[in-house]
Amino acid sequence: MQENLQVQLAHTPEGNPEPEHFQVVPTPMPQPDDGQVLCATQYLSLDPYMRSQMAGRHMSGTVSSGELMRGETISKVIESKHPDFAVGDIVRCFGNWQQYSVHKASELSKQSPKISPMSYGLSLLGMPGLTAYAGLIWIAKPKANDVVLIPAATGAVGSTAGQLAKLHGCRVIGIAGSDEKCAHAINNLGYDACINRKTEDLAERLNELCPDGVDIYFDLVGGETLNTVCNKLALNARVILCGLMEDYNKPTRTPGPMPGPIIGARATLTGLVVYDWEPRRDEFITDCLSHIGSGKLTMQEDIAHGINNAPAAFCRLMNGENRGKALVKIASE
Ligand SMILES: NC(=O)c1ccc[n+]([C@@H]2O[C@H](COP(=O)([O-])OP(=O)(O)OC[C@H]3O[C@@H](n4cnc5c(N)ncnc54)[C@H](OP(=O)(O)O)[C@@H]3O)[C@@H](O)[C@H]2O)c1
């Protein structure tokens with residue numbers, strides 16, 4: 001009988017996750033009841049929030065030892081007992097870290113064929129793209145010549161935000177973890193400059209690159225980077241608090257920035273949760289499709305192959321070793 005391989009959390013990591021913290025387990029093929037749909041996973045999205053779920057610190061809930069790892073997928077309908085879905089439909093859903101999943105119709109969103117390649121439904125035109133768009137365009141409202149600073153500059157959210165900021169005439173400075181990533185940011189993503197977080201002094205480089213301060217800081221990392229940048233804000237700066245890459249693998253959180261420089265800059269700090277912007281997903285996709293069409297918006301995808309390789313790919317992401325959006329291709333298209 002056909003089986004369904006799934007990845008479960010074996011042990012909750014204390015620091016950086018390792019492949020040994022996961023187990024690949026054969027389970028019985030799921031069967032759809034009346035009104036349900038059976039899907040074959042095509043692409044699985046790997047995202048940093050999963051590390052917080054493993055630590056019991058995420059708003060969407062906890063993944064405990066022995067439980068299936070959760071995640072968003074692009075899946076193909078292979079059996080339908082619901083009139084709204086047909087075999088062959090491509091859908092976006094929480095199919096989780098497994099080869100097959102069963103869903104109620106309300107858990108599935110049909111993916112438009114305009115989203116091509118289909119993996120863009122999890123990257124540039126999916127949750128990370130929506131996060132970047134909501135933070136930069138709808139919250140920070142960039143103006144021409146604003147200085148925009150983006151850490152994790154070549155990652156899924158960061159690379160989208162960087163390209164969108166350029167499209168709005170901003171001066172865009174990235175922060176990334178290697179000279180190779182910095183070169184990619186400048187040469188392929190259009191950043192004006194990029195700071196190597198491992199070999200350069202951030203405060204010194206900001207003094208050189210933007211002596212009048214940072215107008216928009218799209219914070220994807222928290223930690224000491226946030227503290228340093230909050231001392232370099234321009235008047236009326238906007239700070240988008242979005243992620244904590246520097247802290248996810250640590251048992252405790254870095255203390256936050258001092259208020260004095262934030263008061264002096266009359267800055268606005270806004271927390272961003274992408275779920276709040278779901279009702280505007282179509283508007284974001286329509287706008288970004290036009291920029292993709294004109295060649296001004298792109299996404300590097302870091303695609304691992306096969307469910308067995310999902311744990312190692314996730315560990316690479318949490319070690320900062322990914323090159324663009326971390327995905328796993330599970331089945332052939
Ligand atoms: N609030 C929301 O609703 C929301 C939604 C989506 C994503 N996010 C957040 O946005 C951030 C980016 O997510 P993403 O999916 O686009 O990931 P990503 O940028 O594709 O990958 C994570 C990157 O973080 C960087 N990083 C910086 N400091 C790090 C450290 N100490 N350890 C490991 N990596 C470090 C690494 O790039 P470098 O080595 O180049 O620095 C790494 O490649 C995450 O914090 C995520 O949680 C938030």
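**View 1. An open sheet of six strands in the predicted model.** The strands follow the order 10-9-8-11-12-13, with parallel pairing. Strand 10 (193-196) and strand 13 (268-271) stand at the edges; each has a single partner strand, so one side of each lacks a neighbour in the sheet. From one strand to the next, the twist averages 15 degrees.

**View 2. The pairing of strand 12 with strand 13.** Strand 12 covers residues 233-241 and pairs with strand 13 in the parallel sense over four bridges. Opposite Arg238 stands Thr268, a residue of strand 13.

**View 3. Helix 2 against the strands.** Strand 11 (214-219), strand 12 and strand 13 are the strands that helix 2 lies across. The helix runs at about 140 degrees to strand 12.

**View 4. The largest nonpolar core.** This core has 82 residues, of which Leu46, Val148, Phe218, Ala310 and Val328 touch the most other members. Helix 2 (residues 127-140) supplies the largest share, seven residues. At least three residues come from each of domain 1 (3-123 + 300-329) and domain 2 (127-275).

**View 5. Surroundings of Val148.** Leaving aside residues up to four places away in sequence, Val148 touches Pro142, Ala165, Cys170, Val172, Asp215, Ile216 and Phe218. Both Val148 and Phe218 are among the residues that touch the most other members of the largest nonpolar core.

**View 6. A second, separate core.** Eight residues make up this core, including Val37, Val91, Tyr100 and Leu108.

Note on methods
Residues are numbered from 1 along each chain as its sequence is written. This is a predicted model: local features need pLDDT of at least 70, side-chain atom pairs count only at pLDDT 80 or more; totals for chains, interfaces and linings use all residues. A nonpolar core is a set of buried Ala, Val, Leu, Ile, Met, Phe, Trp, Tyr and Cys residues joined through C-beta atoms within 7 Å. A residue is buried if 20 or more other C-beta atoms lie within 10 Å of its own, exposed if 12 or fewer, and partly exposed in between; C-beta atoms are placed from the backbone. Helices (H or I, at least four residues) and strands (E, at least two) are DSSP runs, numbered from the N terminus. Domain bounds come from an automatic or database domain assignment. Two residues are in contact if their C-beta atoms, placed from the backbone, lie within 7 Å. Two strands pair if DSSP finds at least two bridges between them. Axes are lines fitted to C-alpha atoms, for helices over the stretch in contact, and angles run from 0 to 180 degrees between N-to-C directions.
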